[in-house]
Amino acid sequence: MWINALMRTLATAELFNVLGFSLGKGTLLFGLVYDYLPFMIYPIYNVLLKMDNSYAEAAADLGATPVQVFGKVTLPLSMPGISSGILMVFMPTVSTFAISEFLTNNKIKLFGTIIQENINSSMWNYGAALSLIMLLIIGLTTILLGGDKENAVEGGTV
């Protein structure tokens with residue numbers, strides 16, 4: 001993560017070229033996961049690190065299996081990290097254009113690529129309208145995922 005995302009993408013594209021892989025959907029998915037997975041893992045890790053282990057211990061003492069402890073205690077308590085990770089990954093992924101450009105040779109166009117092409121070809125109105133749509137999509141996801149996460153576990157028994 002200490003290397004610029006553009007440099008990582010160019011290195012990944014060159015690695016696929018050296019190994020003889022054809023650039024397409026698979027390389028695009030690999031590049032997106034490679035670039036944005038740390039932004040999903042870090043918030044979840046922080047939430048799990050700060051979670052009080054006594055909740056899981058109490059559930060286990062009350063007879064819950066490890067799967068039940070995860071489903072009824074750990075997962076609900078980690079939801080703030082999951083929603084934060086979704087936002088941290090969704091926002092740059094929607095607007096990216098370099099990853100699809102380099103890892104698919106511009107065969108697959110993402111939303112950010114279409115905006116970039118419209119702006120570069122002097123279709124300012126169309127590019128601005130698409131940018132506004134992207135802004136609204138990001139705003140809606142922020143509103144939907146930005147609810148009260150303080151009370152992650154709401155009643156229920158284990």
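The accessible surface of this predicted chain comes to about 10,400 Å², and carbon and sulfur atoms hold 68% of it; such areas come from the Shrake-Rupley method with a 1.4 Å probe, and for residues only the protein chains shown count as cover. Of the 158 residues, 29% count as buried, where buried means under 20% relative accessible area, exposed over 50%, and partly exposed in between (1.4 Å probe, protein chains only).

A word on the ground rules. Residues are numbered from 1 along each chain as its sequence is written, and side-chain values use heavy atoms, with hydrogens and water left out. Since the model is predicted, local features need pLDDT of at least 70 and side-chain atom pairs count only at pLDDT 80 or more, while totals for chains, interfaces and linings use all residues.

**Overall build**

The chain has 7 helices and 0 strands; helices (H or I, at least four residues) and strands (E, at least two) are DSSP runs, numbered from the N terminus. Its radius of gyration is 20 Å, against near 15 Å for a compact globule of 158 residues; the radius is taken over C-alpha atoms, and the globule rule is 2.2 Å times the number of residues to the power 0.38. Along the principal axes, the C-alpha atoms fill a box of roughly 65 × 40 × 25 Å. Among contacts with a separation of 6 or more, 65% join residues 24 or more positions apart, contact meaning heavy atoms within 4.5 Å.

**Nonpolar cores**

A nonpolar core is a set of buried Ala, Val, Leu, Ile, Met, Phe, Trp, Tyr and Cys residues joined through side-chain atoms within 4.5 Å. The largest one here has 10 residues, including A13, F16, Y36, V89 and L110. Two or more of its residues come from each of α1 (5-19), α2 (25-50) and α5 (98-103), and α2 gives the largest share, with 3 residues. Leaving aside neighbours within four places in sequence, A13 is in contact with F102 and L103. A second, separate core of 7 residues includes A64, V69, V73 and L77.

**Two asparagines with positive phi**

Most residues other than glycine have a negative phi. Here are two that do not follow that pattern:

| Residue | Phi | Location |
|---|---|---|
| N105 | about 55° | loop between α5 and α6 (111-120) |
| N106 | near 65° | loop between α5 and α6 |

At 30% relative accessibility, N106 counts as partly exposed.
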